[in-house]
Structure formats: structure tokens, C-alpha cells
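The exercises below are meant to be worked through with the sequence and the structure side by side. Try each task before reading its solution.

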Amino acid sequence: MIKLSDLSNKTIGLVLSGGGVKGVAHVGVIKALLEHGIVPDIVSGASAGAVVGALYANGIQPEDMLHFFKETPLLKYNLLTINKPGLFDTNKYLVFFEKYFPINSFESLEKQLYIVATNLQSGESEFFSKGELLNTVLASSALPPVFSPVPINGQLYADGGIMNNFPVDPLIDTTEFIIGSYTTAMKVVGENELKNSFQLSQRANLLMLHSNVRHKLSIPDLLFTPNHLDVIGVLDKKGIEKAYIIGYDYASGLLEETLSS
């Protein structure tokens, strides 16, 4: 059992994985944490987790985070690009973030935030925690080949989950209690779910994402792995509300089991 009184004087870190639309489950997890009096001080996120982490670090409430995801388009024709690698121009999504981040800097946030993105040219993952914020958030969530990579300091960056889908690293030495939320759903599948090239590619990508973080999932003191997220597609906008509810219900139940006063 975890005692709330034991957490009151500790620096709490929150690590949020990628997962596309599944990552909206993080919003439900955060809502459950706040309702139980657990307020993370430092956040680290990849991909969808970077977006949720930035919203949380900026003081946005869970209900408003959910509204952000619902009102932000994913695959609209007017966001297509013809002169960049990728199908959709990631830079065109900037306008949807500016409403929630009127000051575009890490330093303006209420909480310390770390975001991981993949440097496509060097082949390394890199953490960002200072300076311009929004291009970093967009880069971390730019899943190739759907979204175009984002230039930062003369280098091209893409989805942070490619190299580090559970970016707990910055929290190990900066926090005293780590909470993790992992939404890259992983399960055994039958042969009938690997019938075509698309299903095979999706499965291979999921296995790669999971393999680069498996050893890190034992690091958090408390880990949320919401069930049944596998029914939601990575870019399935209709799954936003469902992911949120799954995350909230799962986290609420686990907290009731593990917390004592």
C-alpha cells in the first residue's frame, strides 16, 4: 500500500508514453491522480505523452485537455503537404496549440517538463527542457511517415517514441517518487490479425516500440497500464473519449487498491 502522507513531502515525477490516440488515456490517469490528491511536480513525455505532458505542465485541467484533443484535427486534407517528407505538414498544427500556449517557452510552464524527440539525422533521441516549446512538442508527436519531421536547430526531428517510448530517464535523479503511464497497448494476437501488409507493419512497429522500453517499465514506483486500449487505432479520432474513460477508470481503480490515508 502507498500512503498519501508519505508522498506529501516528496518530489513526484510523471512519465507519459506515446501511443497516438491511445495516449489520451493519460488525461484520464491525470484526472484520477488529481482527484486523489497526487500532484506530479515534474513531467517527461514522448509523442502523445509529450502533448499531454505539456498541457499538464501549463496548468490545463483534464477536461480542457480532452477538449484540446477533440477540437484538434488529425488527418484533414487542408493539412496535407506536397513539398515535405510525410503526408501531413506538422507545422500546420501549430495554430491549434497556440490557444493553449500563449507563451511559447518551457520557462513559462507551471511545472518542469522534459520532452524527448528523435533526431532523424544522428539517429539519437534527445531531451528538451529549455527554450522554445511548441516545435519540440510537435516534433515529439510527428509520427513518420504520416507527419512531416520538424526542423530544430538545423536538424530534423520526429516522434520521440521511435527511440524512447517511455522517457523516464530525466526523472530518476530529479524526483523521489515516479509514476508511469504506459499506453502502447501490447497483447498476444492471432494469425487472423496478421493477414495483410498493413496489419503486419502495424504489429512490427508496436513490437519495436515496446522492445525499447520493456526494461524501463519496472522503474516507476507506481505504473498505470490501462487495459483494452488495443481496440483504439493510433490515429482513430473517434477513440478519444473512449481512451480518456479507459484511462480514468483504470487509474481510479488502481489508486483505490494501492492508496491508504
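**Exercise 1: A strand and its neighbours**

The bridge partner of Ile12 in β8 is Phe177. Residues are numbered from 1 along each chain as its sequence is written. The model is predicted, so local features need pLDDT of at least 70 and side-chain atom pairs count only at pLDDT 80 or more, while totals for chains, interfaces and linings use all residues, and side-chain values use heavy atoms, with hydrogens and water left out.

Task: Find which strands pair with β8, and in which sense.

Solution. Begin with the terms: strands (E, at least two residues) and helices (H or I, at least four residues) are DSSP runs numbered from the N terminus, and two strands pair if DSSP finds at least two bridges between them. Next, take strand β2 (residues 12-16), which is joined to β8 by five bridges, the two strands running parallel. Then turn to strand β9 (residues 222-224), which pairs with β8 over three bridges, again in the parallel sense. Within this second pairing, Phe224 of β9 stands opposite Ser181.

Task: Decide how many residues of strand β8 are buried, and on which faces they lie.

Solution. Buried means under 20% relative accessible area, exposed means over 50%, and partly exposed lies in between (1.4 Å probe, protein chains only). By this rule five of the five residues of β8 (residues 177-181) are buried, so the strand is largely enclosed by the rest of the structure. For the faces, recall that in a regular strand the side chains alternate between the two faces of the sheet. In β8, Phe177, Ile179 and Ser181 are buried on one side, and Ile178 and Gly180 are buried on the other, so that both faces are covered.

**Exercise 2: Aromatic rings**

Task: Describe how the rings of Phe68 and Phe69 are arranged, and then do likewise for Phe68 and Tyr100.

Solution. A pair of aromatic rings is described by the distance of the centres and the angle of the planes. Rings of Phe, Tyr and Trp (its six-membered ring) pair if their centres lie within 6.5 Å, and planes under 30 degrees apart count as stacked, over 60 as edge-to-face and the rest as tilted. A search of the whole structure with this rule finds eight aromatic pairs. In one of them, Phe68 and Phe69 have ring centres 5.3 Å apart and planes at 80°, so the pair is edge-to-face. Phe68 and Tyr100 also form an edge-to-face pair, with 5.2 Å from centre to centre and 85° between the planes. Because Phe68 lies in helix α4 (residues 62-71) and Tyr100 in the loop between α5 (94-98) and β4 (112-119), this pair ties together parts that are 32 residues apart in sequence. As a last step, note that Phe68 and Phe69 are both buried, that Tyr100 is buried as well, and that Phe68, Phe69, Phe97 and Tyr100 form one aromatic cluster.

**Exercise 3: Backbone angles**

Task: Establish where Ser47 and His228 lie, and whether each is buried or exposed.

Solution. Most residues other than glycine have a negative phi, and most peptide bonds are trans. Ser47, although not a glycine, has a positive phi of about 55°; its place is in the loop between β3 (42-46) and α3 (48-57), and at 7% relative accessibility Ser47 counts as buried. His228 has a positive phi near 70° and is found in the loop between β9 and α8 (240-258), where at 58% relative accessibility it counts as exposed. For the peptide bonds, look at Pro144 and Pro145, which are joined by a cis bond with omega about 0°.

**Exercise 4: Salt bridges**

Task: Work out which parts of the chain are linked by the salt bridge between Lys216 and Asp169.

Solution. A salt bridge is a side-chain nitrogen of Lys or Arg within 4 Å of a carboxyl oxygen of Asp or Glu, and by this rule the count comes to six. In the bridge between Lys216 and Asp169, the closest N and O atoms are 3.1 Å apart. This pair links distant parts of the chain, 47 residues apart, with Lys216 in the loop between α7 (197-211) and β9 and Asp169 in the loop between β7 (155-158) and β8. Lys216 is buried, with a relative accessible area of 9%, whereas Asp169 is partly exposed, at 35%.
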